[in-house]
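Okay, thanks everyone, I'll keep this short. Let me put the structure up, and then we'll walk through a couple of spots in it.

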Amino acid sequence: MMAWGISKHLDNLLPASLLKHLSLLLVPISFQRMAADVHKKGGDVPNGSLVPKDGRHTERSESPTPGLAQGTEPGAAQEGAMFVHAQSYEDLTSTENPDATVQMPSGGEDAQSDQTKMEEISKDFSELSTQLTGIALDLEEEMRQSKEDKQDLSPKASRRDSVLSGKEDEDVSMDAWRMHQKHVFVLSEAGKPVYSRYGSEEALSSTMGVMMALVSFVEAQKNAIRSIHADGYKVVFVRRSPLVLVAVARTRQSEQEIAQELLYIYYQILSLLTLTQLNRIFQQKQNYDLRRLLAGSERITDNLLDLMARDPSFLMGAARCLPMASGVRDIVSTCLQQAKAKSLVFAILLAKNQLVSLVRKKDQFLHHIDLHLLFNLISSSSSFREGEAWTPICLPKFNSSGFFSAHISYLEQDTDLCLLLISTDREDFFTVSDCKRRFQERLKKRGVYHALLEALHTPFYSVSQVGIPYLRHFIYKSKSSGLFTSPEIEAPYITEEEKERLLGLYQYLHSRAHNSSRPLTNIYYSGSHENLLAWVRVTLLCCCCCAKG
């Protein structure tokens, strides 16, 4: 096996038309004003192929932002916010309310007082805990009981304990536990266990104590521990006070990629508690057992780790779109815009972790991490299919200090189309619910609802539709839009082991391309079963997997 960084003569490795075909491939899945310079003006692609019949470029519309580079787009100042070209609500009605602004959720700078803010956050958290466990936890009561160190023998407490102990435990002394490719641990700065991917936290309390001792020892020398490399393992540390996150992995991932996954876990915790509440808890009691408040949320964190192990969205830092005709998507976006409410900030239509449409408040942008956390929340629970859920949710990259209120519902129980409406007003349930009703009515009136249902039958396309010999799979990311596309994984990557191996190869290419000390813009990798190529440009990232021959 070998890998080279190539500075020239790359065109000799594959046909020069490859990038042209891959850029055209985004045509059927990118909707207008969302993916820059990758959609057609008109015309259908014949014979079910994505390749133009005459082999030439089809006519494309000009980009709404020519020459746009990542980091220069509107919203880039919001810590790398995902730039979405979709029209905002105000784009259709800008003359009605030209000075419309977003009212931030509780916890912003303009809230009445610290006490009022905490009361509102506590109320929102109680509602969220009820959604997760069926038990309404009161933050003040939890802190008071913790301080008094009294054992609550009420039915509520016993039920809560059953939730905590319901997670399937593994014997941490057995070889099977050690053989997992990646372990994830979360602990407080006092060394108290918070979460473990495998095994019970109680059995690992001494191990986590050693981890915290390592962190403290290095910090005592006025330094910070980032990682330990030994015997093929990487032990990566991420400290986000008041928490410490640790991963022990033997994968192809780089230290930076593993650290990014740990940050996802950290943001997942913030999405349930808010940073304001998390800091307040440990300011009052440093050795507080955070598992009391996170009871029932373990499955959400577990699901997030499962998704990161198989979904390239997290590796790419982008969202995948559900393939459909651009005209259909435009109508869907317009219907979302028209079914608006004053308190709505974001309206998102998705299907099985694939984005269908996203509409936003003017000048507000959604970071891809927040979008992934929303996808994870919905995919973690089937209860959202049972009706209309109204639940608090923190978007930590947008505002980590307070809760939004999220209306989550499926258009129909037997479909995968899920509508997510995010509001700043916790009392606005019926108004937001009416937005869903008006959206569904407009979809049917415009005649696109059946087209949406048809799109669900083909959530992926075949790599053969690209029309490039020997091409097995690829990932193509448009940096300016925050979107990526990739075909369905096909033979020879049929088994779960082969799919994991393919993702591991992409992780290797990604780590070489984004190496902090020596980043590469062109990479050719020749393995025993396939050849891989990677290009990194200002506006795109492309990784291709080809058969040897």
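Let's start with a side-chain pair: Ser462 and Glu490 make a polar contact through their side chains, at 2.9 Å. Keep in mind that this is a predicted model.

There's a second partner, too. The side chain of Ser462 also has a polar contact with the side chain of Ser464, and that one comes out at 2.8 Å.

So where does Ser462 sit? You'll find Ser462 in the loop that runs between α15, residues 449–456, and β13, residues 471–478. And is Ser462 buried or exposed? It's buried, because its relative accessible area is 18%, and the cut-off for buried is under 20%. If we leave out residues up to four places away in sequence, Ser462 touches Pro487 and Glu490. Glu490, then, is the residue we began with, the one in the 2.9 Å side-chain contact.

Okay, on to the sheet. What's the strand order? Reading across, you get β3-β2-β6-β5-β4, an open sheet of five strands with antiparallel pairing. At the edges are β3, residues 193–196, and β4, residues 227–230, each pairing on one side only. On average, neighbouring strands in this sheet are turned by 10 degrees against each other, ignoring direction.

Now zoom in on one pair inside that order. Strand β5 covers residues 233–240 and strand β6 covers 243–249, and the two pair in the antiparallel sense over seven bridges. If you want a register point to click on, Val236 stands opposite Ala247 in β6.

That's what I've got, so over to you.

Terms used:
Residues numbered from 1 in each chain as written. Predicted model: local features only at pLDDT ≥ 70, side-chain atom pairs only at ≥ 80, totals over all residues. Heavy atoms only, no water. Pairing = 2+ DSSP bridges. Helix = DSSP H or I, 4+ residues; strand = E, 2+ residues; numbered from the N terminus. Axes fitted to C-alpha atoms, helices over the stretch in contact; angles between N-to-C directions. Buried < 20%, exposed > 50% of the residue type's maximum accessible area, 1.4 Å probe, protein only. Polar contact = N/O pair within 3.5 Å; in protein donor to acceptor, adjacent residues only side chain to side chain. Contact = heavy atoms within 4.5 Å.
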